[in-house]
Amino acid sequence: MEQMRAGEGATRMTGPLLEVHALRKAYGAVHALIGVDLQVRAGEVHALLGENGAGKSTLLKCLAGAVQADSGALRLDGAPYTPSGPGAARTARVAMIHQELALAPDLTVAENVVLGAEPRARGALGRLGWISAGQRRTIARAALERLGRAELNVDARVSALGPGERQMVEIARALAGDAQVLILDEPTSSLSAADVERLFAVLRALSAEGVAVVYVSHFLEEVRRVADVFTVLRDGATVGSGRLDAVSDADLVMLMAGRSVADLYPVVARTAGDVALELTDLQGPGGFPVASLELRRGEVFGIAGLVGAGRTELLRALYGLAPIQSGAVRLAAPTAPRSTSADRRLGLGRTPRARIAQGFGLLSEDRKGEGLALGLSLAVNATLSRLDTVGRAGWISRRRQRAAAERWFERLRVKRASPWQPAGSLSGGNQQKVALARLLHQGADLVLLDEPTRGVDVGARGDLSFDRRGSRPRAARC
């Protein structure tokens, strides 16, 4: 396995369109890339795989011109490729769709699609810098039609769109630039099943036109549907590549994680106990349909549904982030003493602060917008919802804060240089681990997990399965 290379059995073409050779990149003492090799051919969907912190994000940033490598070589269509920035990469027809969408929410769909490459008006007005609103709309509509989303209003503000629609706008921007290399980082994380199918159809059509696609995903079943070949990174280096139809999922997991599937997902015995949370005819003001359920201690309760079905709205209402119009919520006493009341009927207008005191914890699907304070340190993010354990009389002990955070960072294998580095400096999957570390530090008795494995690798999903005692907490999970 370790010796396979993409050229073995790959589709015969004239040569790689995109080449990466011995790429290295360090951030101080942290070596993000220590020798990455990659070859992507025209008309090929190439899956880039690896655990969180393996170097995928850094490699993509180098390809997109956002980061300059320390050494190594990039070649595009046989010529040296050294983009000075994202604009230069886009001029070279290399486009990237980020996992955390890079859109301007106050601009319209059309303005976002042509952002950075606005069409000039004709004649003297164009020479004076005037932009043609008509051409802007035409370009945006054509890109959306290629995605099968012609019904999207190009004059609507992006802030008014749902997550899946925003993702489509980001992809439409790449198509509008006539990309010859398209890089997609977890592109289906916010898409409905129908949008995923549309995206896969678009990728098949683009590859048939000769576009080279670099596809990053942690879902192996998804990768097998859309990709032809793969490359695996581990600890900043290329450890294997080849055709997907020549390897098993177990082989891929071993390459990515260095351990077998059986080691990643050990069977944990658990027995459902007494009812911990009971919802009766719960309903929000148009946010979700009537919901009734019973959640028992020691139980993992799954909530399924299409994008927009009300899964997220239900969890946000339970946590106090959205109003409840009618219905009843009943919560049994937490396992850790938080109140003298043994059994309480929760008020309909409770706040997140009150919910935390009652033992609730929420892992938001919007990691960038509300799940983490990306400008604050890892240690602060991990302890933010329960500061009383790391301080006294309103004063925070950095020593205790660091110790508390590092305990969970070690358990969850968060790849970091320091507990004081900004949360935004980590890869998406490691950011997700920090968000979970906060719930574990908080000692949440009832955990609401909204898309908890978004951007998380196959190995880390095993790490995320266990709570502070080594067994699974009771949780409602979307």
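**Exercise 1. Characterise the contact between Arg-149 and Glu-165.**

Solution. Arg-149 and Glu-165 form a salt bridge, with their closest N and O atoms 3.9 Å apart. The term requires a side-chain nitrogen of Lys or Arg within 4 Å of a carboxyl oxygen of Asp or Glu. Next, place the partners. The bridge links distant parts of the chain: Arg-149 lies in the loop between helix H5 (133–146) and helix H6 (163–176), and Glu-165 lies in helix H6, 16 residues apart. Helices (H or I, at least four residues) and strands (E, at least two) are DSSP runs, numbered from the N terminus.

Now check burial. Buried means under 20% relative accessible area, exposed over 50%, and partly exposed in between (1.4 Å probe, protein chains only). Arg-149, at 7%, is buried. Glu-165, at 26%, is partly exposed.

A note on the model. It is predicted: local features need pLDDT of at least 70, side-chain atom pairs count only at pLDDT 80 or more, and totals for chains, interfaces and linings use all residues. Residues are numbered from 1 along each chain as its sequence is written, and side-chain values use heavy atoms, leaving out hydrogens and water.

**Exercise 2. Describe the salt bridge between Arg-316 and Glu-370.**

Solution. Start with distance: the closest N and O atoms are 2.4 Å apart. Then location. The pair links distant parts of the chain, with Arg-316 in helix H11 (residues 311–318) and Glu-370 in helix H13 (residues 367–371), 54 residues apart. Finally, exposure. Arg-316 has a relative accessible area of 24% and is partly exposed. Glu-370 is also partly exposed, at 38%.

**Exercise 3. Which exposure class does each partner of the Arg-416 and Glu-410 bridge fall into?**

Solution. The bridge itself has its closest N and O atoms 2.7 Å apart. Arg-416 is partly exposed at 24%. Glu-410 is exposed at 53%. Elsewhere, salt bridges with shared partners join Arg-149, Glu-151 and Glu-165 into one network. The structure holds 19 salt bridges.

**Exercise 4. Analyse the buried side of helix H7 (residues 193–208).**

Solution. List the buried residues: Asp-195, Val-196, Leu-199, Phe-200, Val-202, Leu-203, Leu-206 and Ser-207. Seen down the axis of H7, they fall within an arc of 160°, so they line one face of the helix. The arc is that of the directions from the helix axis to the C-beta atoms. An α-helix has 3.6 residues a turn, so residues three or four places apart point the same way.

Then find the cover. It includes strand S3 (45–50), H5, H6, strand S7 (181–185), strand S8 (212–216) and helix H8 (220–226). Last, look past the end: just after H7, Gly-210 takes a positive phi of about 100°.

Definitions and conventions
Expected span 1.5 Å × (residues − 1). Contact = heavy atoms within 4.5 Å.
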